[in-house]
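Visitor: Hello! I would like to take a close look at one part of this protein, and I hope you can walk me through it at an easy pace.

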Amino acid sequence: MNRTRVKFVLLLVFCIISASFIINAHGRRSRTPQPLIGGGISIGGGININITVPPILQPVVGGVEQLVFADLRLAVVYPIIQNFKKIITSDPLGITSTWVGSDICSYKGFYCESPPDNKSALALASIDFNGFQLSAPSLDGFIEQLPDLALFHANSNSFSGTISPNIAKLRYLYELDISNNQFSGPFPIAILGMPSLSFLDIRFNSFTGSVPPQLFVKDLDALFINNNNFMQRLPDNIGNSPVLYLTLANNRFFGPIPRGIAKAFFSLTEVLLLNNLLSGCLPYELGFLKEAVVLDAGNNQLTGPIPYSLGCLEKLEILNFAGNQLYGMVPEVVCALENLANFSLSNNYFTTVGPICMHLIKKGVLDVSNNCIPGLPFQRSVQECISFFAKPRHCPYMGTYTYIPCWLANFKSPPLSASDIAPSPF
């Protein structure tokens, strides 16, 4: 009887060991049996036999463990993400260590929602890499292949290269922020073809050349292209876009501020033109930007007086014309703006301030240092001021500079003659 039991157990062991070398239905061979049962089995007669069994194999496809996705749309973008992961050259925060498995919605920086065309589906809707400090030589082959992407933020990384023209195929993308990276080349022209785009931020990169004028007819809420190397005249249609934030600072834009900027009177909240090469006189039409809270054109080559029309900007809080070649009297009507908290006119050639402006100087709101104002400290030398005014200076439509195009209880302006009125920019 014991001999019969031994034969049975030996046959069982042989079958188990043989099974460990069988190729499963997905083409994977297990050659190293893992001990899953410790000790041995007693069969009587003092005989103990140690048994090892092979591991239970996971289903595989093409040598990779099979992944189950919550939606087919996520399965489609999985290899795209993994390919992008392979080209990342630096990841000091260990972000990509979470980009594992089929639960893409739990990857750090990735967010899922239902796409507009199918509320019952689940898709990769937005990516937020802000501050991740990732480095990669390019984004090509990544974002333009994510068909349901609506938002892409990658501020403060070290991505470089150029932007793929195929980005225009992303029909849902409405926010694109690639600021503070190392992108270069011309303005990414494909952006003009993105139908849903309302927020564009490409500042703090190394883009060069000119900005297409078509950009200013797009239906944008915010346009940040500052701190690049764009060089061109400001286009005449700069006011055609209903932007709230127009940020062109720290480039090499030149020429006058277009009078057409007044067309943005119903929307424009912040205008940042500082640190460019702008020249010419300030246009009277700036006074029509009734929603403006910040107007900054410091450190350019602007000249002439400040238009009294700026006294109509009742919401204005920050006004900066420092570092230009402006001159004349600082308008009392501008100093009387109730919300004005920071008014900088340093490093110009102003010669006169009235009592309202003097009050702002004492409060520390108005800075007129390094001008030509007699009796005030920290002014230019007499010789420097004489040298500046020795050259003839003139602005067109001089009658508009003292005209106030709105009703103000304490200020009135003389009526304009037909010869004083500039052609309408509208």
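Is Leu277 buried, partly exposed or exposed, and why does it count that way?

Guide: Happy to help, and please keep in mind that this is a predicted model. Leu277 counts as partly exposed because its relative accessibility is 31%, and the range for that class runs from 20% to 50%.

Let us see where that residue sits. Leu277 belongs to strand E19, which covers residues 277-281 and pairs with E17 in the parallel sense over 2 bridges. Within that pairing, Leu277 is the bridge partner of Phe254. The two residues also meet in another setting: together with Met231, Phe254 and Leu277 make up a nonpolar patch on the surface, and the accessible area of the three comes to about 230 Å².

Now step back to the sheet around them. It is an open sheet of 5 strands, in the order E17-E19-E21-E23-E25, with parallel pairing. At its edges lie strand E17 (254-255) and strand E25 (349-352), each of which pairs on one side only. Helix H5, residues 382-389, packs on this sheet and touches strand E23 (325-329) as well as E25. The direction of H5 makes about 105° with that of E25.

The loops that follow the strands are worth a look too. As a general point, side chains of opposite charge can pair when their charged atoms come close. Here, Glu285 and Arg259 meet through their side chains in a salt bridge, at 3.0 Å from N to O. Glu285 is in the loop between E19 and strand E20 (294-296), while Arg259 is in the loop between E17 and strand E18 (270-272), so the pair ties together parts that are 26 residues apart in sequence. Glu285 is buried, with a relative accessible area of 4%, whereas Arg259 is partly exposed at 26%.

Another salt bridge involves Arg380 and Glu384, whose side chains meet at 2.6 Å, N to O. Arg380 counts as buried because its relative accessible area is 13%, while Glu384, at 33%, is partly exposed. Elsewhere, salt bridges that share partners link Arg73, Asp117, Asp148 and Arg171 in one network. Asp201 and Arg203 form a salt bridge as well, with their closest N and O atoms 2.9 Å apart. In that pair, Asp201 is buried at 0% relative accessibility, and Arg203 is partly exposed with a relative accessible area of 25%. A search of the whole structure gives 7 salt bridges.

For a contrast with the parallel sheet, turn to strand E5 (residues 110-113). Strand E5 runs antiparallel to strand E6 (residues 123-128), joined to it by 4 bridges. Phe110 stands opposite Ile127 in E6. On E5, Phe110 and Cys112 make up the covered face, and Tyr111 and Glu113 the uncovered one.

Finally, here is the wider setting for your residue. The chain has 5 helices and 26 strands, and 46% of its 426 residues count as buried. Its accessible surface is about 20,900 Å², and carbon and sulfur atoms account for 57% of that.

Key:
Residues are numbered from 1 along each chain as its sequence is written. This is a predicted model: local features need pLDDT of at least 70, side-chain atom pairs count only at pLDDT 80 or more; totals for chains, interfaces and linings use all residues. Side-chain values use heavy atoms; hydrogens and water are left out. Two strands pair if DSSP finds at least two bridges between them. Contact means heavy atoms within 4.5 Å. Axes are lines fitted to C-alpha atoms, for helices over the stretch in contact, and angles run from 0 to 180 degrees between N-to-C directions. Buried means under 20% relative accessible area, exposed over 50%, partly exposed in between (1.4 Å probe, protein chains only). Patches are made of residues with over 30% relative accessible area and no salt bridge: like charges are joined within 9 Å, nonpolar side chains (Val, Leu, Ile, Met, Phe, Trp, Tyr) within 5 Å. Accessible areas come from the Shrake-Rupley method with a 1.4 Å probe; for residues, only the protein chains shown count as cover. A salt bridge is a side-chain nitrogen of Lys or Arg within 4 Å of a carboxyl oxygen of Asp or Glu.
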